[in-house]
Amino acid sequence: MSARPSESVATLTVVGDVHRWWRPADATFLERSRPDLALFVGDLGDEDVGIVRAIASLQVPKAVILGNHDAWQSFGRKTSTDKLRESLDVLGDDHVAYAVREVPAAGISLIGARPFSWGGQSLRSPELYDEIYGIHTMRQSAAAIVDAARNAQHRDLVILAHNGPLGLGERPDDMFGKDFGKPGGDWGDRDLALAIQRIEGFGLRVRAVIAGHMHHRLVHPRGALRTRFVRRGETLFLNAAYVPRVQKAANGDELSHFLRTRWRDGHCVGVEEVWVDVHGDEREATTPTFVELDGDAPAFDEAYEGDGHE
């Protein structure tokens, strides 16, 4: 007997790259609005355990994927620092790297991708990933993401990542296009692209990929804006990295940025960019326009594997 479609709508509220821009009002907003799950795409701070503790103490269900800044010194040393280990301990199961979190109210399973991503086609420090996760190649990382997906209770999936997948464009203003150094080129994660390819091959449906890392305003050309909302087939790609996430409005008020997504029976039924004031009250909500990508995702060579270094 098939399940009856649900009339209720679940909310997944996304916090983009924090970079220490976290205010008591942000916690107030989340705890008042009570999303079914709050999602953090990482870069909370530069191995800043204080910010991690503030996020971990939120009295709402949450899932976090740490970013490259959250392991900044660890990458330099090629081993985990005391601060990174403490951050992981503080977050516990709320750090969803290579794990699954069920969200039955939304009809989806949340899959955590690789944490600490710098983007590009390198792991940067295979030594660090090997120490923490027993992973030292892109293929092993892709396999770990796929394993989490295959253990999910739902066939409709949302992937939470710090950086998005390879295959969404090579221009600096594309969703995960390289806008620094020598601009141009796809800066997406190869392991995530491989994982999505394999997951869909198993007949599972990736309904959304939620990430950040590549900031909304470009380095080159300076001041230009990045494409942050893309749809390809049945998959939505959202880049939540509005940086800094606290902005000054025309009237001088400081407002914090959130993304609010609404879900019913495994389908996303709404996306809004939300701005919140210093009292934790919602001041503005706008619906973004999604860029439609034609055709299927590019196929990636399963056999390709670098050495994991730059």
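# Reading helix packing and burial

Modeller: Strand S1 (10-15), strand S2 (37-40), strand S11 (254-264), strand S12 (267-276) and strand S13 (282-286) are among what covers the buried residues of H1; please keep in mind throughout that we are reading a predicted model.

Colleague: Which residues of helix H1 are the buried ones?

Modeller: A general idea helps first: an α-helix has 3.6 residues a turn, so residues three or four places apart point the same way. In helix H1 (residues 24-33), the buried residues are Ala25, Asp26, Ala27, Phe29 and Leu30, and Arg34, just after H1, takes a positive phi of about 50°.

Colleague: Strand S11 was named in that cover, so let me take Leu259, which lies in this strand. Is Leu259 buried or exposed?

Modeller: Leu259 has a relative accessible area of 0%, and because buried means under 20%, Leu259 counts as buried.

Colleague: Which residues does Leu259 touch, not counting those up to four places away in sequence?

Modeller: With those sequence neighbours left out, Leu259 touches Leu12, Thr13, Val14, Phe229, Leu238, Ala240, Glu272 and Glu273. As a separate comparison of sequence with space, Leu259 and Ala211 are 48 residues apart in sequence and 11 Å apart from C-alpha to C-alpha.

Colleague: How should I read a pair of packed helices, and what are the angle and the axis distance for H2 and H4?

Modeller: In general, two packed helices are described by the angle between their axes and the distance between those axes. Helix H2 (residues 49-56) and helix H4 (residues 82-91) pack at an angle of about 5°, with their axes 9 Å apart, and because angles under 35 degrees count as roughly parallel, H2 is roughly parallel to H4. On the H2 side the contact is made by Val49, Val52, Arg53 and Ala56, and on the H4 side by Lys83, Glu86, Ser87, Val90 and Leu91; these residues divide into five nonpolar, one polar and three charged.

Colleague: At what angle do the axes of H6 and H7 cross?

Modeller: The axes of helix H6 (residues 138-150) and helix H7 (residues 190-201) cross at roughly 40° and come within 8 Å, and H6 and H7 are therefore oblique to each other. The crossing in which H6 passes H7 is right-handed.

Colleague: Which residues of H6 and H7 meet there?

Modeller: From H6, Met138, Arg139, Ser141, Ala142, Ala143, Ile145, Val146 and Ala149 meet Arg190, Asp191, Leu192, Leu194, Ala195, Arg198 and Ile199 of H7, and the residues of this contact divide into ten nonpolar, one polar and four charged.

Note on methods
Residues are numbered from 1 along each chain as its sequence is written. This is a predicted model: local features need pLDDT of at least 70, side-chain atom pairs count only at pLDDT 80 or more; totals for chains, interfaces and linings use all residues. Side-chain values use heavy atoms; hydrogens and water are left out. Axes are lines fitted to C-alpha atoms, for helices over the stretch in contact, and angles run from 0 to 180 degrees between N-to-C directions. Helices (H or I, at least four residues) and strands (E, at least two) are DSSP runs, numbered from the N terminus. Angles under 35 degrees count as roughly parallel, over 145 as roughly antiparallel, 65 to 115 as roughly perpendicular and the rest as oblique. Contact means heavy atoms within 4.5 Å. Ala, Val, Leu, Ile, Met, Phe, Trp, Tyr, Cys and Pro count as nonpolar, Asp, Glu, Lys and Arg as charged, and the others, Gly among them, as polar. Buried means under 20% relative accessible area, exposed over 50%, partly exposed in between (1.4 Å probe, protein chains only). A crossing is left-handed if the near helix is turned anticlockwise from the far one by less than a right angle, and right-handed if clockwise.
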